[in-house]
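Subject: Structure handover

Hi,

Here is the structure I promised to pass on to you. Have a look at it first, and then read on for what I found in it.

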Amino acid sequence: MFRARIANVADLERRARQRMPRFAYNYLTGGAGDSASTHRNRRALQEMVFATRRLVGADIRTEVKLFGQEYSAPLGVAPLGMANVAWPGLDLMLARSAREARLPFVLSTMATTTIEAAAEAAEECFWFQLYIAKSDEITFGLIDRAREAGTDVLVLTVDVPAPSRRNASIRDGFELPLRYTPRLLADLALHPRWSIQTLLAGAPLMRNYAAYAKSENTQKVGAFAGKRNKFGTTWDDFKRIREAWQGRLVIKGISNGEDAARAVREGADAVWVSNHGGRQLESSPATVDLLPAVRAATPDNVPVFFDGGVRGGEDIVKGTALGADMVFAGRSFAYAGAAGGQAATTQCMEILIAEMRSTMAQIGLHSPEALRSAPVFFGQEAERMVPGKAAE
Ligand SMILES: Cc1cc2nc3c(=O)[nH]c(=O)nc-3n(C[C@H](O)[C@H](O)[C@H](O)COP(=O)(O)O)c2cc1C
């Protein structure tokens with residue numbers, strides 16, 4: 001019944017919005033300031049339209065090889081800090097669904113689930129995202145734990161030089177632990193499923209930091225993580241991480257060709273174009289507009305990843321056509337978990353891949369490689385999309 005009434009991610013979002021307390025929905029959806037760059041990411045994707053070619057059959061293949069592994073599509077789950085605020089148990093739902101679907105799952109340093117538990121759930125699809133801490137004990141402790149948990153892929157996020165101001169959450173007075181104001185109590189009472197499940201699961205806790213804070217108290221761990229996180233990381237920090245990590249190192253949050261080229265020179269194994277879902281800088285360009293220049297500045301044998309505003313299979317096709325080897329989504333998957341738990345996170349992955357397949361058939365380009373080697377876009381977008389003609 002539930003499955004039949006969901007056609008796409010927009011349906012999942014509508015349902016999630018009904019079920020989530022307002023402060024949790026605002027935390028998940030909100031961007032920097034009044035969210036202009038979050039909307040810009042989406043708008044830029046929506047405005048691009050496809051060229052089509054006919055009489056070419058429809059034998060579609062979405063599988064890709066990356067870092068020596070086969071994934072079922074160029075689609076992955078982006079890291080979400082405090083994911084269990086969106087819905088209790090979200091991290092693990094996503095980890096399990098990603099493993100079933102054979103898609104990469106990236107756990108955040110600020111996750112509400114431990115590295116060890118998420119790695120067990122995601123198995124070989126598990127990647128870990130690192131924020132550098134002020135103390136080496138924490139930074140290198142997290143790296144060791146990720147390695148011991150069996151992952152080969154470390155994602156270093158570099159686009160949070162300072163905390164940002166997200167107006168919706170500021171207005172909500174959102175902070176952990178929750179302050180039980182009359183407004184919050186009303187919000188919780190109106191969303192009993194979230195409230196009861198959170199009560200049963202325990203308040204969302206930054207579980208990876210809990211070990212270093214030596215506490216299970218949400219407030220203490222939150223304050224500890226806030227103080228120990230090293231904002232404003234530098235290329236020197238990057239070098240130290242590169243030296244310490246023998247596996248694949250991905251740099252996330254790159255927005256121009258110059259930084260991309262330098263990251264590769266300094267030893268990055270992949271470059272991830274992202275503006276953190278528009279959560280850091282309100283006047284950030286749409287990430288899809290940044291992708292061609294980053295792809296052009298990155299050597300062909302170094303993968304480029306992309307995220308920002310991906311809500312459907314057509315968006316995955318667009319990112320792939322612009323040279324992304326893997327396209328990630330954050331909020332789409334969180335909406336799914338909040339809308340309908342594990343069944344819905346699995347369904348969301350199925351929908352996105354089904355939409356991607358259908359799009360590839362409609363435009364007549366039948367594999368990720370084909371998308372990257374032929375003109376894909378129609379109209380004024382077409383020129384810069386021709387491979388080798390990417391805008392700087
Ligand atoms: C609630 C939330 C928490 C996030 N936390 C992190 C994080 O801890 N680390 C990180 O690298 N990116 C984080 N991001 C950014 C995502 O990894 C990703 O770049 C972004 O969500 C992509 O945009 P989309 O949500 O429009 O798909 C977060 C995003 C959201 C929405």
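A β-α-β crossover counts as right-handed if, with the strands pointing away from the viewer, the path from the first strand over the helix to the second runs clockwise. By that rule, strand E7, helix H14 (residues 257-265) and strand E8 form a right-handed unit. Please keep in mind throughout that this is a predicted model.

**The strands E7 to E10**

E7 and E8 are parallel partners, joined over four bridges. Within that pairing, Ile-254 sits opposite Val-273 of E8.

Strand E8 covers residues 270-273 and also pairs with E9, again in the parallel sense, over three bridges. Two of the contacts can be named: Val-271 stands opposite Val-304 in E9, and Trp-272 has Phe-305 of E9 as its bridge partner. To get from E8 to E9, the chain passes through helix H15 (residues 287-297), and this β-α-β crossover is right-handed.

Next comes E10 (residues 326-329), which pairs with E9 in the parallel sense over three bridges. Here Asp-307 has Phe-328 in E10 as its bridge partner. Helix H16 (residues 313-321) makes a right-handed β-α-β unit together with E9 and E10.

Which way do the side chains of E8 point, and are they buried or exposed? Ala-270 and Trp-272 point one way, Val-271 and Val-273 point the other way, and all are buried. Strand E9 (residues 304-307) is likewise covered on both faces: Val-304 and Phe-306 are buried on one side, and Phe-305 and Asp-307 are buried on the other.

**Cavities**

As for enclosed space, the structure has two cavities of 30 Å³ or more. The largest holds about 50 Å³. Its lining consists of Tyr-131, Ile-132, Thr-157, Val-158, Asp-159, Val-160, Asn-229, Lys-230, Phe-231 and Thr-233. Sorted by class, that lining has five nonpolar, three polar and two charged residues.

The second largest cavity has a volume of about 40 Å³. Among the residues that line it are Val-77, Pro-79, Leu-80, Asp-91, Leu-94 and Phe-105. Helix H5 (90-101) and strand E4 (105-107) are the elements that give two or more residues to this lining, and E4 gives the most, with three. By class, the lining of this second largest cavity comes to nine nonpolar, one polar and one charged residues.

**The second largest pocket**

One open site may interest you too: the second largest pocket, with about 490 Å³ of space. It is lined by 27 residues, of which Val-158, Asp-159, Val-160, Pro-161 and Gly-253 are the closest to its centre. Val-158, Asp-159 and Val-160 also appear in the lining of the largest cavity. Helix H13 (235-244) and strand E7 (248-254) each supply at least two residues of the pocket lining. The class count for the pocket is 14 nonpolar, 10 polar and three charged residues.

**Annotated positions**

An unreviewed UniProt entry lists Tyr-27, Tyr-131, Arg-166, His-276 and Arg-279 under "binding site". Of these residues, Tyr-131 is included in the lining of the largest cavity. Tyr-131 lies in the loop between strand E5 (126-130) and helix H7 (136-148). Why does Tyr-131 count as buried? Its relative accessibility is 13%, and buried means under 20%.

His-276, also on the UniProt list, is found in the loop between E8 and H15. His-276 is buried as well, with a relative accessible area of 14%.

**Two backbone angles to look at**

Most residues other than glycine have a negative phi. His-276 has a positive one, near 65°. Ser-35 is another non-glycine residue with a positive phi, of about 75°. Where is Ser-35? Ser-35 lies in the loop between helix H2 (22-29) and helix H3 (36-47), and with a relative accessible area of 12% Ser-35 is buried.

Happy to talk any of this through whenever it suits you.

Best wishes

Terms used: Residues numbered from 1 in each chain as written. Predicted model: local features only at pLDDT ≥ 70, side-chain atom pairs only at ≥ 80, totals over all residues. Heavy atoms only, no water. 1 Å grid on protein atoms, 1.4 Å probe; cavity = no way out; pocket = protein on both sides within 12 Å on 5 of 7 lines; lining within 4 Å. Points joined across faces, edges and corners; volume = space filled by probe spheres on them. Nonpolar A, V, L, I, M, F, W, Y, C, P; charged D, E, K, R; others polar. Buried < 20%, exposed > 50% of the residue type's maximum accessible area, 1.4 Å probe, protein only. Pairing = 2+ DSSP bridges. UniProt positions renumbered as here; feature names shortened; annotations may be inferred.
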